[in-house]
Every structure is written in C-alpha cells, then in structure tokens.
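Grab a pencil and work through these exercises with the structure open beside you. Try each task before you read its solution.

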Amino acid sequence: MEQTSSVPLMRTVKGVVLGLAVSLGAAVLLTFGFAALLAVGVPDGWIALFAHLTALLAALAGGCAAGMKGKSNGLLTGLFAGVALFLIHFLATILFGELSFSCLTFLAVEALGGVLGGIFGVNLR
C-alpha cells in the first residue's frame, strides 16, 4: 500500500524539480530579452514591471512543466514550483542585492504564476 501512495508524491517531487529547472531557464532567457529592451532606452520606471513580468512568466512556465510531469494536483505542484523559484530568487537577493519589501510581491507573483501554470499543465494531457 505504501508503494501506491508514494507514486503521486514522487511524481509531484519530480514535477517540482522539472518546473524549477524550466523556471530558471525561462528566467534567464526573459532577463536577456528585457535587458535588450532596457538597452534601447525604456524608462527606468518600467524596470520593476519587467522584473515582475519575468518572474511571472518564468513561474508560469515552471508551474506548467511541473503540472504536466506531476499529472495531478496542479494547484499544489505549481505552487511548490513557484515557491521553489521564489526561494532561489530570495537567496540570490540576499547574496547579491539588498533585501526589501518587494520580495513579498515577488513571492506573490511567483506563487500565483506557479499555481496558474500548474493548473494549466495538468489540463494539457
């Protein structure tokens, strides 16, 4: 009996790990894309918008991959993938930047993106 109950858990864990990898890859690609836009001369006020949009799209991609791999519980699988992305983002902020209250908005954006992506990914079957 324990064998069958651990199968969904393992699929969820594998989904979260895959989702995190996809999120990080998407974040790197999106960052380069938005950096090119900023080099063209986008106003400074848009930088925070681009940063949050990058986080949202990366979490959506990761949540979708996690949901597809997990095959069930897209909401939780996507949430775990989004929060895992936030934790890496948070650690990078601590190491390379300065900590501020904007971290809470990134938590909300990445968790929401992960949840929406996870729900979408489960339904893609």
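A residue counts as buried under 20% relative accessible area, as exposed over 50%, and as partly exposed in between. Keep in mind that you're looking at a predicted model.

**Exercise 1.** Which class does Leu75 belong to: buried, partly exposed or exposed?

*Solution.* Start by finding Leu75, which is in helix H3. Its relative accessible area is 45%, so Leu75 is partly exposed. Next, look at its company: Leu75, Leu76, Phe80 and Ile119 make a nonpolar surface patch of about 350 Å². H3 supplies the largest share of that patch, three residues.

**Exercise 2.** Now use the same cut-offs on Ser23: is it buried or exposed?

*Solution.* Ser23 is in helix H1, which covers residues 2-40. Its relative accessibility is 0%, so Ser23 counts as buried. Then check what it touches, skipping neighbours within four places in sequence: Ser23 is in contact with Ala58, Ala59, Gly62 and Leu85.

**Exercise 3.** Work out what span helix H3 should have, and compare it with the distance between its end C-alpha atoms.

*Solution.* H3 runs over residues 74-96, which makes 23 residues. The expected span is 1.5 Å times one less than the number of residues. That gives 33 Å for H3, and its end C-alpha atoms are 32 Å apart, so the two agree. While you're on this helix, pick out its buried residues: Gly74, Thr77, Gly78, Ala81, Gly82, Ala84, Leu85, Phe86 and Thr93.

**Exercise 4.** Which side chain of opposite charge is nearest to Glu110, and how far away is it?

*Solution.* First locate Glu110: it's in helix H4, residues 102-122. The nearest side chain of opposite charge is Lys69, 23 Å away. A salt bridge needs a side-chain nitrogen of Lys or Arg within 4 Å of a carboxyl oxygen. Glu110 has no salt bridge, yet it is buried. So what is around it? Leaving aside neighbours within four places in sequence, Glu110 is in contact with Ala55, Ala59, Gly82, Leu85, Phe86 and His89.

**Exercise 5.** Step back to the whole chain: how many helices and strands does it have?

*Solution.* Count along the sequence and you get four helices and zero strands, in the pattern α-α-α-α. The C-alpha trace spans about 60 × 30 × 20 Å along its principal axes. Of the 125 residues, 32% count as buried. Finally, take the contacts between residues at least 6 apart in sequence: 80% of them join residues at least 24 apart.

Methods. Residues are numbered from 1 along each chain as its sequence is written. This is a predicted model: local features need pLDDT of at least 70, side-chain atom pairs count only at pLDDT 80 or more; totals for chains, interfaces and linings use all residues. Side-chain values use heavy atoms; hydrogens and water are left out. Helices (H or I, at least four residues) and strands (E, at least two) are DSSP runs, numbered from the N terminus. Buried means under 20% relative accessible area, exposed over 50%, partly exposed in between (1.4 Å probe, protein chains only). Lys and Arg count as positive and Asp and Glu as negative; His and the chain ends are not counted. Contact means heavy atoms within 4.5 Å. Patches are made of residues with over 30% relative accessible area and no salt bridge: like charges are joined within 9 Å, nonpolar side chains (Val, Leu, Ile, Met, Phe, Trp, Tyr) within 5 Å. Accessible areas come from the Shrake-Rupley method with a 1.4 Å probe; for residues, only the protein chains shown count as cover.
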